[in-house]
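Please work through the following exercises with the sequence and the 3D structure open beside you. Each task is followed by a solution that goes step by step.

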Amino acid sequence: MPRVYVTRKIPPTGLDLLRQSCDVYVWDGELPTPRDVLLEEAAQADAILTMLSDRIDSALLDAAPNLKVVSNYAVGFDNIDVAGATERGIAVGNTPGVLTDATADHAFAMMLAAARRLGEAERYVHQGEWKTWHPTKLLGQDVFGATLGVVGFGRIGQAMARRATGFNMRILYTGGSSAGAVAAELGAEAVELETLLRESDFISLHVPLTPDTKGLLGVDAFKMMKETAILVNTARGGVVDSAALVTALQEGQIAYAALDVTDPEPIPMDNPLLTLDNCLIVPHLGSATTTTRDRMGVIAAENILAGLKGETLPFCVNPEVFEDES
Ligand SMILES: NC(=O)C1=CN([C@@H]2O[C@H](COP(=O)(O)OP(=O)(O)OC[C@H]3O[C@@H](n4cnc5c(N)ncnc54)[C@H](O)[C@@H]3O)[C@@H](O)[C@H]2O)C=CC1
Ligand SMILES: O=C(O)C(=O)CO
(Lines give C-alpha, C1' and ligand atoms only; values in the text may rest on other atoms or scores of the structure.)
(Ligands and ions follow the chains in the order given, each with its own letter.)
Protein backbone atom coordinates (compact mmCIF):
# COMPACT_ATOMS: atom_id res chain seq x y z
CA MET A 1 0.00 0.00 0.00
CA PRO A 2 1.26 3.54 -0.66
CA ARG A 3 2.76 5.33 2.31
CA VAL A 4 1.20 8.63 3.38
CA TYR A 5 2.64 10.96 6.01
CA VAL A 6 0.30 13.41 7.76
CA THR A 7 2.19 16.20 9.51
CA ARG A 8 -0.42 16.86 12.25
CA LYS A 9 -3.46 15.16 13.72
CA ILE A 10 -6.47 16.27 11.65
CA PRO A 11 -10.15 15.33 12.19
CA PRO A 12 -10.71 11.58 11.75
CA THR A 13 -12.95 11.51 8.64
CA GLY A 14 -10.14 12.36 6.23
CA LEU A 15 -7.69 10.04 7.97
CA ASP A 16 -10.18 7.14 7.87
CA LEU A 17 -10.61 7.68 4.15
CA LEU A 18 -6.86 7.47 3.60
CA ARG A 19 -6.50 4.40 5.82
CA GLN A 20 -8.82 2.39 3.55
CA SER A 21 -6.09 2.13 0.92
CA CYS A 22 -2.86 3.57 2.33
CA ASP A 23 -0.39 3.06 5.16
CA VAL A 24 -0.91 6.27 7.08
CA TYR A 25 1.57 7.74 9.57
CA VAL A 26 0.45 10.74 11.60
CA TRP A 27 2.64 13.06 13.67
CA ASP A 28 0.70 13.36 16.91
CA GLY A 29 2.58 16.22 18.58
CA GLU A 30 0.91 19.52 19.50
CA LEU A 31 3.58 21.39 17.54
CA PRO A 32 4.49 20.91 13.86
CA THR A 33 6.49 17.88 12.75
CA PRO A 34 10.13 18.84 13.42
CA ARG A 35 12.04 19.56 10.23
CA ASP A 36 14.42 16.58 10.59
CA VAL A 37 11.50 14.19 11.10
CA LEU A 38 9.64 15.72 8.15
CA LEU A 39 12.68 15.20 5.91
CA GLU A 40 13.03 11.57 7.03
CA GLU A 41 9.33 10.88 6.54
CA ALA A 42 9.18 12.62 3.16
CA ALA A 43 12.09 10.42 2.04
CA GLN A 44 9.84 7.36 2.43
CA ALA A 45 6.45 8.82 1.51
CA ASP A 46 4.37 8.52 -1.65
CA ALA A 47 2.24 11.44 -0.47
CA ILE A 48 2.31 13.97 2.35
CA LEU A 49 -0.62 15.80 3.89
CA THR A 50 0.83 19.10 5.05
CA MET A 51 -0.18 22.08 7.19
CA LEU A 52 0.31 25.73 6.27
CA SER A 53 2.98 25.80 9.00
CA ASP A 54 5.13 23.21 7.14
CA ARG A 55 7.77 24.59 4.78
CA ILE A 56 7.76 22.44 1.65
CA ASP A 57 10.83 23.69 -0.18
CA SER A 58 13.27 22.32 -2.74
CA ALA A 59 15.43 20.67 -0.04
CA LEU A 60 12.42 18.67 1.11
CA LEU A 61 11.31 17.82 -2.42
CA ASP A 62 14.86 16.66 -3.24
CA ALA A 63 14.82 14.38 -0.22
CA ALA A 64 11.60 12.70 -1.36
CA PRO A 65 12.24 10.46 -4.40
CA ASN A 66 8.85 8.68 -4.32
CA LEU A 67 6.69 11.69 -3.58
CA LYS A 68 3.72 12.07 -5.93
CA VAL A 69 1.41 14.38 -4.01
CA VAL A 70 1.73 17.26 -1.55
CA SER A 71 -1.77 17.86 -0.22
CA ASN A 72 -2.04 21.06 1.80
CA TYR A 73 -4.68 21.19 4.53
CA ALA A 74 -5.48 24.80 3.53
CA VAL A 75 -6.58 26.82 0.53
CA GLY A 76 -3.44 28.98 0.77
CA PHE A 77 -0.28 27.31 -0.49
CA ASP A 78 2.37 29.99 0.04
CA ASN A 79 4.24 27.50 2.25
CA ILE A 80 4.94 25.28 -0.78
CA ASP A 81 7.46 25.66 -3.58
CA VAL A 82 4.87 24.90 -6.25
CA ALA A 83 7.25 25.52 -9.18
CA GLY A 84 9.75 23.12 -7.60
CA ALA A 85 7.04 20.49 -7.15
CA THR A 86 5.88 20.92 -10.76
CA GLU A 87 9.46 20.51 -12.09
CA ARG A 88 9.67 17.22 -10.22
CA GLY A 89 6.24 16.03 -11.43
CA ILE A 90 4.74 16.28 -7.94
CA ALA A 91 1.10 17.34 -7.74
CA VAL A 92 0.09 19.96 -5.19
CA GLY A 93 -3.44 20.03 -3.79
CA ASN A 94 -5.35 22.50 -1.62
CA THR A 95 -8.82 22.80 -0.05
CA PRO A 96 -10.71 25.72 -1.63
CA GLY A 97 -14.40 26.43 -1.20
CA VAL A 98 -15.24 24.39 1.89
CA LEU A 99 -13.71 27.03 4.17
CA THR A 100 -15.00 30.11 2.36
CA ASP A 101 -18.03 30.79 4.57
CA ALA A 102 -16.30 29.94 7.85
CA THR A 103 -13.46 32.32 6.98
CA ALA A 104 -15.80 35.09 5.85
CA ASP A 105 -17.84 34.67 9.06
CA HIS A 106 -14.63 35.04 11.02
CA ALA A 107 -13.46 38.10 9.09
CA PHE A 108 -16.85 39.71 9.64
CA ALA A 109 -16.73 38.82 13.35
CA MET A 110 -13.29 40.41 13.61
CA MET A 111 -14.54 43.53 11.84
CA LEU A 112 -17.45 43.85 14.28
CA ALA A 113 -15.21 43.09 17.26
CA ALA A 114 -12.74 45.78 16.24
CA ALA A 115 -15.47 48.32 15.46
CA ARG A 116 -17.02 47.80 18.89
CA ARG A 117 -13.68 47.34 20.71
CA LEU A 118 -14.66 43.99 22.20
CA GLY A 119 -11.09 42.97 23.10
CA GLU A 120 -10.57 46.11 25.15
CA ALA A 121 -14.06 45.85 26.64
CA GLU A 122 -13.45 42.30 27.79
CA ARG A 123 -10.16 43.30 29.45
CA TYR A 124 -11.98 46.21 31.12
CA VAL A 125 -14.47 43.85 32.75
CA HIS A 126 -11.87 41.22 33.73
CA GLN A 127 -9.66 43.91 35.29
CA GLY A 128 -12.52 45.08 37.53
CA GLU A 129 -12.84 48.50 35.87
CA TRP A 130 -16.59 48.19 35.20
CA LYS A 131 -17.98 50.40 37.98
CA THR A 132 -21.15 51.67 36.27
CA TRP A 133 -22.82 52.16 32.87
CA HIS A 134 -20.75 54.87 31.23
CA PRO A 135 -21.98 57.45 28.70
CA THR A 136 -18.63 58.05 26.95
CA LYS A 137 -16.28 55.11 27.58
CA LEU A 138 -15.31 52.46 25.01
CA LEU A 139 -17.23 54.09 22.20
CA GLY A 140 -16.75 52.35 18.88
CA GLN A 141 -17.71 52.85 15.26
CA ASP A 142 -20.85 52.14 13.28
CA VAL A 143 -20.58 49.24 10.87
CA PHE A 144 -24.09 49.56 9.48
CA GLY A 145 -24.00 51.89 6.49
CA ALA A 146 -20.19 52.27 6.48
CA THR A 147 -17.89 51.60 3.50
CA LEU A 148 -16.12 48.25 3.25
CA GLY A 149 -13.07 47.82 1.00
CA VAL A 150 -12.41 44.21 -0.02
CA VAL A 151 -8.86 43.63 -1.26
CA GLY A 152 -8.96 40.39 -3.27
CA PHE A 153 -12.49 39.74 -4.55
CA GLY A 154 -12.21 35.96 -4.83
CA ARG A 155 -14.19 33.30 -2.98
CA ILE A 156 -13.69 34.65 0.55
CA GLY A 157 -13.65 38.32 -0.45
CA GLN A 158 -16.99 37.90 -2.21
CA ALA A 159 -18.44 36.02 0.78
CA MET A 160 -17.32 38.90 3.02
CA ALA A 161 -19.01 41.38 0.68
CA ARG A 162 -22.19 39.30 0.68
CA ARG A 163 -22.33 39.57 4.46
CA ALA A 164 -21.77 43.32 4.24
CA THR A 165 -24.93 43.75 2.15
CA GLY A 166 -26.90 42.74 5.25
CA PHE A 167 -25.33 45.72 7.02
CA ASN A 168 -26.25 48.12 4.22
CA MET A 169 -22.56 48.79 3.55
CA ARG A 170 -21.14 50.47 0.46
CA ILE A 171 -18.74 47.91 -0.98
CA LEU A 172 -15.54 48.69 -2.90
CA TYR A 173 -13.19 46.01 -4.19
CA THR A 174 -9.94 45.36 -6.03
CA GLY A 175 -8.83 42.16 -7.74
CA GLY A 176 -11.07 39.25 -8.70
CA SER A 177 -10.78 39.29 -12.46
CA SER A 178 -13.92 37.22 -13.14
CA ALA A 179 -16.06 38.72 -10.41
CA GLY A 180 -18.21 41.08 -12.45
CA ALA A 181 -21.51 39.21 -12.12
CA VAL A 182 -21.19 38.75 -8.35
CA ALA A 183 -20.12 42.37 -7.96
CA ALA A 184 -23.19 43.50 -9.88
CA GLU A 185 -25.44 41.29 -7.76
CA LEU A 186 -23.95 42.69 -4.54
CA GLY A 187 -23.72 46.27 -5.78
CA ALA A 188 -19.93 46.25 -5.24
CA GLU A 189 -17.78 48.78 -7.14
CA ALA A 190 -14.42 47.86 -8.69
CA VAL A 191 -11.87 50.56 -7.85
CA GLU A 192 -8.10 51.07 -7.83
CA LEU A 193 -6.39 50.09 -4.56
CA GLU A 194 -5.63 53.74 -3.80
CA THR A 195 -9.31 54.72 -4.04
CA LEU A 196 -10.26 51.77 -1.85
CA LEU A 197 -7.69 52.80 0.78
CA ARG A 198 -8.78 56.44 0.78
CA GLU A 199 -12.54 55.83 0.88
CA SER A 200 -13.05 52.75 3.05
CA ASP A 201 -13.99 52.76 6.73
CA PHE A 202 -13.13 49.04 6.93
CA ILE A 203 -10.52 47.32 4.78
CA SER A 204 -10.56 43.54 4.67
CA LEU A 205 -7.71 41.59 3.05
CA HIS A 206 -8.47 38.43 1.05
CA VAL A 207 -5.56 38.07 -1.39
CA PRO A 208 -3.22 35.08 -1.44
CA LEU A 209 0.37 35.72 -0.32
CA THR A 210 2.46 35.88 -3.50
CA PRO A 211 5.50 37.91 -4.57
CA ASP A 212 2.98 40.52 -5.86
CA THR A 213 1.01 40.85 -2.64
CA LYS A 214 3.89 40.64 -0.14
CA GLY A 215 3.91 43.93 1.78
CA LEU A 216 0.95 45.20 -0.32
CA LEU A 217 -0.04 47.44 2.59
CA GLY A 218 3.05 49.40 3.60
CA VAL A 219 4.01 52.90 4.73
CA ASP A 220 2.36 54.68 1.78
CA ALA A 221 -0.86 52.67 2.01
CA PHE A 222 -1.39 53.51 5.69
CA LYS A 223 -0.89 57.21 4.95
CA MET A 224 -3.70 57.03 2.38
CA MET A 225 -6.15 55.39 4.79
CA LYS A 226 -8.64 57.32 6.93
CA GLU A 227 -7.52 58.02 10.51
CA THR A 228 -10.69 56.20 11.58
CA ALA A 229 -10.03 53.19 9.30
CA ILE A 230 -10.09 49.65 10.63
CA LEU A 231 -7.93 47.00 8.94
CA VAL A 232 -9.00 43.35 9.05
CA ASN A 233 -6.47 40.75 7.94
CA THR A 234 -7.57 37.15 7.58
CA ALA A 235 -5.38 36.57 4.50
CA ARG A 236 -1.69 36.16 5.37
CA GLY A 237 0.47 38.23 7.72
CA GLY A 238 3.01 38.92 4.97
CA VAL A 239 0.48 40.93 2.94
CA VAL A 240 0.97 43.72 5.49
CA ASP A 241 4.31 45.35 6.34
CA SER A 242 4.33 44.75 10.12
CA ALA A 243 6.64 47.66 10.98
CA ALA A 244 4.48 50.08 8.97
CA LEU A 245 1.38 48.73 10.72
CA VAL A 246 2.91 49.31 14.16
CA THR A 247 3.71 52.92 13.22
CA ALA A 248 0.25 53.45 11.72
CA LEU A 249 -1.45 52.21 14.89
CA GLN A 250 0.89 54.06 17.26
CA GLU A 251 0.69 57.35 15.38
CA GLY A 252 -3.05 57.24 14.69
CA GLN A 253 -2.71 56.95 10.90
CA ILE A 254 -5.46 54.35 11.24
CA ALA A 255 -7.72 53.56 14.20
CA TYR A 256 -7.54 49.81 14.63
CA ALA A 257 -6.32 46.50 13.24
CA ALA A 258 -7.91 43.09 13.67
CA LEU A 259 -5.43 40.37 12.76
CA ASP A 260 -6.16 36.69 12.36
CA VAL A 261 -2.76 36.23 10.74
CA THR A 262 0.67 37.70 11.50
CA ASP A 263 4.18 37.62 10.09
CA PRO A 264 5.70 35.50 11.48
CA GLU A 265 3.29 33.05 13.10
CA PRO A 266 3.06 32.72 15.98
CA ILE A 267 3.66 36.39 16.71
CA PRO A 268 6.77 36.76 18.93
CA MET A 269 5.79 37.84 22.44
CA ASP A 270 8.03 40.94 22.19
CA ASN A 271 6.24 42.21 19.06
CA PRO A 272 4.99 45.78 19.73
CA LEU A 273 1.59 44.93 18.21
CA LEU A 274 0.89 42.94 21.37
CA THR A 275 1.22 46.08 23.48
CA LEU A 276 -1.33 48.12 21.53
CA ASP A 277 -4.91 48.49 22.73
CA ASN A 278 -6.04 49.23 19.20
CA CYS A 279 -4.89 45.88 17.83
CA LEU A 280 -6.93 42.70 18.18
CA ILE A 281 -4.97 39.52 17.46
CA VAL A 282 -6.24 35.95 17.35
CA PRO A 283 -4.29 32.82 16.40
CA HIS A 284 -5.17 32.14 12.73
CA LEU A 285 -8.71 30.83 13.27
CA GLY A 286 -10.36 31.68 9.94
CA SER A 287 -11.35 28.12 9.03
CA ALA A 288 -11.59 26.91 12.62
CA THR A 289 -15.05 25.36 12.81
CA THR A 290 -15.58 21.67 13.43
CA THR A 291 -17.47 21.08 10.19
CA THR A 292 -15.07 23.07 8.05
CA ARG A 293 -11.94 21.41 9.39
CA ASP A 294 -13.58 18.03 8.84
CA ARG A 295 -14.41 18.91 5.21
CA MET A 296 -10.89 20.19 4.65
CA GLY A 297 -9.58 16.81 5.82
CA VAL A 298 -11.82 14.95 3.39
CA ILE A 299 -10.69 17.09 0.44
CA ALA A 300 -7.04 16.78 1.44
CA ALA A 301 -7.48 12.99 1.57
CA GLU A 302 -9.35 12.88 -1.76
CA ASN A 303 -6.55 14.89 -3.38
CA ILE A 304 -4.04 12.29 -2.20
CA LEU A 305 -6.13 9.30 -3.27
CA ALA A 306 -6.58 10.72 -6.77
CA GLY A 307 -2.89 11.64 -7.12
CA LEU A 308 -1.74 8.21 -6.03
CA LYS A 309 -3.88 6.71 -8.81
CA GLY A 310 -2.26 9.09 -11.31
CA GLU A 311 -5.50 11.05 -11.68
CA THR A 312 -5.77 14.84 -11.61
CA LEU A 313 -6.41 15.99 -8.04
CA PRO A 314 -9.97 17.29 -7.47
CA PHE A 315 -8.36 20.54 -6.25
CA CYS A 316 -5.00 20.90 -7.90
CA VAL A 317 -2.73 23.93 -7.76
CA ASN A 318 -0.45 22.69 -10.59
CA PRO A 319 -2.69 20.65 -12.96
CA GLU A 320 0.03 20.90 -15.63
CA VAL A 321 1.69 17.98 -13.84
CA PHE A 322 -1.05 15.77 -15.32
CA GLU A 323 -0.88 17.14 -18.85
CA ASP A 324 -0.09 14.54 -21.46
CA GLU A 325 3.43 15.19 -22.75
CA SER A 326 2.90 13.28 -26.03
N1 LIG B 1 -7.25 33.11 8.06
C2 LIG B 1 -7.53 31.90 7.62
O3 LIG B 1 -7.69 30.96 8.38
C4 LIG B 1 -7.67 31.68 6.16
C5 LIG B 1 -6.95 32.42 5.26
N6 LIG B 1 -7.10 32.23 3.93
C7 LIG B 1 -6.35 33.08 3.00
O8 LIG B 1 -7.28 33.69 2.12
C9 LIG B 1 -6.76 33.67 0.80
C10 LIG B 1 -7.87 33.79 -0.20
O11 LIG B 1 -8.62 32.61 -0.29
P12 LIG B 1 -9.74 32.43 -1.42
O13 LIG B 1 -10.70 33.55 -1.35
O14 LIG B 1 -10.26 31.05 -1.32
O15 LIG B 1 -8.83 32.58 -2.72
P16 LIG B 1 -9.28 33.08 -4.17
O17 LIG B 1 -8.18 32.63 -5.08
O18 LIG B 1 -10.68 32.66 -4.45
O19 LIG B 1 -9.27 34.67 -4.04
C20 LIG B 1 -8.13 35.45 -4.04
C21 LIG B 1 -8.43 36.69 -4.89
O22 LIG B 1 -7.35 37.60 -4.77
C23 LIG B 1 -7.15 38.20 -6.05
N24 LIG B 1 -5.81 38.76 -6.12
C25 LIG B 1 -4.63 38.14 -6.28
N26 LIG B 1 -3.62 39.04 -6.26
C27 LIG B 1 -4.19 40.24 -6.08
C28 LIG B 1 -3.67 41.56 -5.96
N29 LIG B 1 -2.37 41.82 -6.07
N30 LIG B 1 -4.56 42.57 -5.75
C31 LIG B 1 -5.89 42.34 -5.66
N32 LIG B 1 -6.42 41.11 -5.77
C33 LIG B 1 -5.58 40.08 -5.98
C34 LIG B 1 -7.39 37.05 -7.02
O35 LIG B 1 -7.69 37.52 -8.33
C36 LIG B 1 -8.59 36.36 -6.38
O37 LIG B 1 -9.77 36.94 -6.85
C38 LIG B 1 -5.96 32.36 0.76
O39 LIG B 1 -4.96 32.40 -0.24
C40 LIG B 1 -5.38 32.27 2.14
O41 LIG B 1 -4.10 32.87 2.18
C42 LIG B 1 -7.95 31.28 3.45
C43 LIG B 1 -8.69 30.50 4.30
C44 LIG B 1 -8.60 30.61 5.73
O1 LIG C 1 -6.82 27.56 4.32
C2 LIG C 1 -6.00 28.45 4.61
O3 LIG C 1 -5.30 29.01 3.74
C4 LIG C 1 -5.83 28.85 5.99
O5 LIG C 1 -5.20 29.82 6.27
C6 LIG C 1 -6.42 28.05 7.07
O7 LIG C 1 -7.52 27.35 6.73
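A residue counts as buried if its relative accessible area is under 20%, as exposed if it is over 50%, and as partly exposed in between. The structure shown is a predicted model.

**Exercise 1. List the buried residues of α7 and find the elements against which they pack.**

Step 1. Applying the cut-off of 20%, one obtains I156, G157, Q158, A159, M160, A161 and A164 as the buried residues of α7.

Step 2. These buried residues pack against the helices α5 and α8 (180–186), and also against the strands β6, β7 and β9 (202–205).

**Exercise 2. Determine how many aromatic pairs there are, and classify the pair that F108 and F167 form.**

Step 1. Ring centres must lie within 6.5 Å to pair, and by this rule the count comes to 2 aromatic pairs.

Step 2. For F108 and F167 the centres are 4.9 Å apart and the planes are at 55° to one another, which makes the pair tilted, because planes under 30 degrees apart count as stacked, over 60 as edge-to-face and the rest as tilted.

Step 3. F108 belongs to helix α5 (residues 100–115), whereas F167 sits in the loop between α7 (155–165) and β7 (170–174), so the pair ties together parts that are 59 residues apart in sequence.

Step 4. With a relative accessibility of 6%, F108 counts as buried, while F167, at 27%, counts as partly exposed.

**Exercise 3. Classify the pair that F153 and Y173 form, and locate its two members.**

Step 1. The rings of F153 and Y173 are 4.0 Å apart, centre to centre, with 20° between their planes, and the pair is therefore stacked.

Step 2. F153 lies in the loop between β6 (147–151) and α7, and Y173 in strand β7, so that the pair links distant parts of the chain, 20 residues apart.

Step 3. Both F153 and Y173 are buried.

**Exercise 4. Describe the surroundings of ligand 1, and state what part of its accessible area the protein covers.**

Step 1. There are 24 residues around ligand 1, of which R155, I156, T234, D260 and H284 come nearest.

Step 2. Turning to backbone atoms, an N or O atom of I156 lies 2.9 Å from an oxygen atom of ligand 1, a polar backbone atom of G286 is 3.2 Å from an oxygen atom of the ligand, and for G176 the corresponding distance is 3.4 Å.

Step 3. On its own, ligand 1 has 870 Å² of accessible area, and the protein covers 80% of it.

Conventions: Residues are numbered from 1 along each chain as its sequence is written. Chains are lettered from A and ligands numbered from 1 in the order in which they are written. This is a predicted model: local features need pLDDT of at least 70, side-chain atom pairs count only at pLDDT 80 or more; totals for chains, interfaces and linings use all residues. Side-chain values use heavy atoms; hydrogens and water are left out. Rings of Phe, Tyr and Trp (its six-membered ring) pair if their centres lie within 6.5 Å; planes under 30 degrees apart count as stacked, over 60 as edge-to-face and the rest as tilted. Helices (H or I, at least four residues) and strands (E, at least two) are DSSP runs, numbered from the N terminus. Buried means under 20% relative accessible area, exposed over 50%, partly exposed in between (1.4 Å probe, protein chains only). Contact means heavy atoms within 4.5 Å. A residue is near a molecule or strand if one of its heavy atoms lies within 4 Å of it. A polar contact is a pair of N or O atoms within 3.5 Å; within protein, one must be able to donate a hydrogen and the other to accept it, and residues adjacent in sequence count only if both atoms are side-chain atoms. Accessible areas come from the Shrake-Rupley method with a 1.4 Å probe; for residues, only the protein chains shown count as cover.
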